[in-house]
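Work through the following exercises with the sequence and the model side by side, and try each task before reading its solution.

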Amino acid sequence: NKQATMTEEAPIDNKIRRIAAAGGSPQEVRCLTDLPSGILAHAASFLAAPSRALFAVALDGNSAVSPNERSSAIVGSQWATLDFGVIEKDLAAKLTDDDIEKVLLCIHAVNRVKRLKLTNCVNIT
């Protein structure tokens, strides 16, 4: 008499079937970028605003140059203030000029951000 445990993994086929494409067909997910943008945007909604932008930049290395549907869904459009003081101090301290540039381009800061706070961003020049 075998009893299932909480740590038992479901077969891979079942996990793949749980994520269905828009047409209802199973979609194989091997990395985060394979997930639909709606799922990524929902997950990112729990992050602080600067973290959402960093998440979008990390998923789409070229999102700073040409923001795509996924990065736009993740970052949203409410960016009156971009305050890096709301993220972990250690993370903010590691951000470089390039990182800040990619975030600003990704969120269309020139048209959206009225106030930029670089709190704890000690690694920029």
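**Exercise 1.** Which residues are buried in α3? Then decide how α3 sits in the rest of the structure.

*Solution.* Keep in mind throughout that this is a predicted model. Begin by going along α3, where the buried residues are Pro50, Ser51, Arg52, Ala53, Leu54, Ala56, Val57 and Leu59. Next, set that list against the length of the helix: 8 of the 11 residues of α3 are buried, and α3 is therefore largely enclosed by the rest of the structure. Finally, look for what these residues pack against, and you will find α2, α4, β1 (81-83), α5 (89-94) and α6.

**Exercise 2.** Determine how α3 and α6 are oriented towards each other, and which residues bring them together.

*Solution.* Start with the geometry: the axes of α3 and α6 lie 9 Å apart, and the two helices pack at an angle of about 95°. Since angles of 65 to 115 degrees count as roughly perpendicular, α3 and α6 are therefore roughly perpendicular to each other. Now turn to the residues, where Ala53, Leu54, Ala56 and Val57 of α3 meet Lys102, Val103 and Cys106 of α6. Sorted by character, the residues of this contact comprise 6 nonpolar, no polar and 1 charged. Val103 also reaches beyond α3, for when residues up to four places away in sequence are not counted, Val103 touches Ala53, Leu54, Val57, Leu82 and Phe84.

**Exercise 3.** Describe the largest nonpolar core and find the element that gives the most to it.

*Solution.* The largest nonpolar core has 23 residues, and those with the most contacts inside it are Val75, Trp79, Leu82, Phe84, Leu95, Val103 and Ile107. Two or more residues come from each of α2 (37-44), α3 (49-59), α4 and α6 (97-106). Among the elements, α3 gives the most, with 5 residues.

**Exercise 4.** Where on α2 do its buried residues lie, and which elements are included in what covers them?

*Solution.* First pick out the buried residues of α2, which are Ser37, Leu40, Ala41 and Ala44. Viewed down the axis of α2, they fall within an arc of 100°, so they line one face of the helix. The face turned away from this buried side carries the exposed residues Gly38 and His42. The cover over the buried residues of α2 includes α3 and α4.

**Exercise 5.** Is Arg70 buried or exposed?

*Solution.* Locate Arg70 in helix α4 (residues 69-75). Its relative accessibility is 18%, and because buried means under 20%, Arg70 counts as buried. Leaving aside neighbours within four places in sequence, Arg70 is in contact with Thr33, Ser37, Leu40, Leu59 and Asp60.

Definitions and conventions. Residues are numbered from 1 along each chain as its sequence is written. This is a predicted model: local features need pLDDT of at least 70, side-chain atom pairs count only at pLDDT 80 or more; totals for chains, interfaces and linings use all residues. Side-chain values use heavy atoms; hydrogens and water are left out. Helices (H or I, at least four residues) and strands (E, at least two) are DSSP runs, numbered from the N terminus. Buried means under 20% relative accessible area, exposed over 50%, partly exposed in between (1.4 Å probe, protein chains only). Contact means heavy atoms within 4.5 Å. A nonpolar core is a set of buried Ala, Val, Leu, Ile, Met, Phe, Trp, Tyr and Cys residues joined through side-chain atoms within 4.5 Å. Axes are lines fitted to C-alpha atoms, for helices over the stretch in contact, and angles run from 0 to 180 degrees between N-to-C directions. Angles under 35 degrees count as roughly parallel, over 145 as roughly antiparallel, 65 to 115 as roughly perpendicular and the rest as oblique. Ala, Val, Leu, Ile, Met, Phe, Trp, Tyr, Cys and Pro count as nonpolar, Asp, Glu, Lys and Arg as charged, and the others, Gly among them, as polar. The arc is that of the directions from the helix axis to the C-beta atoms.
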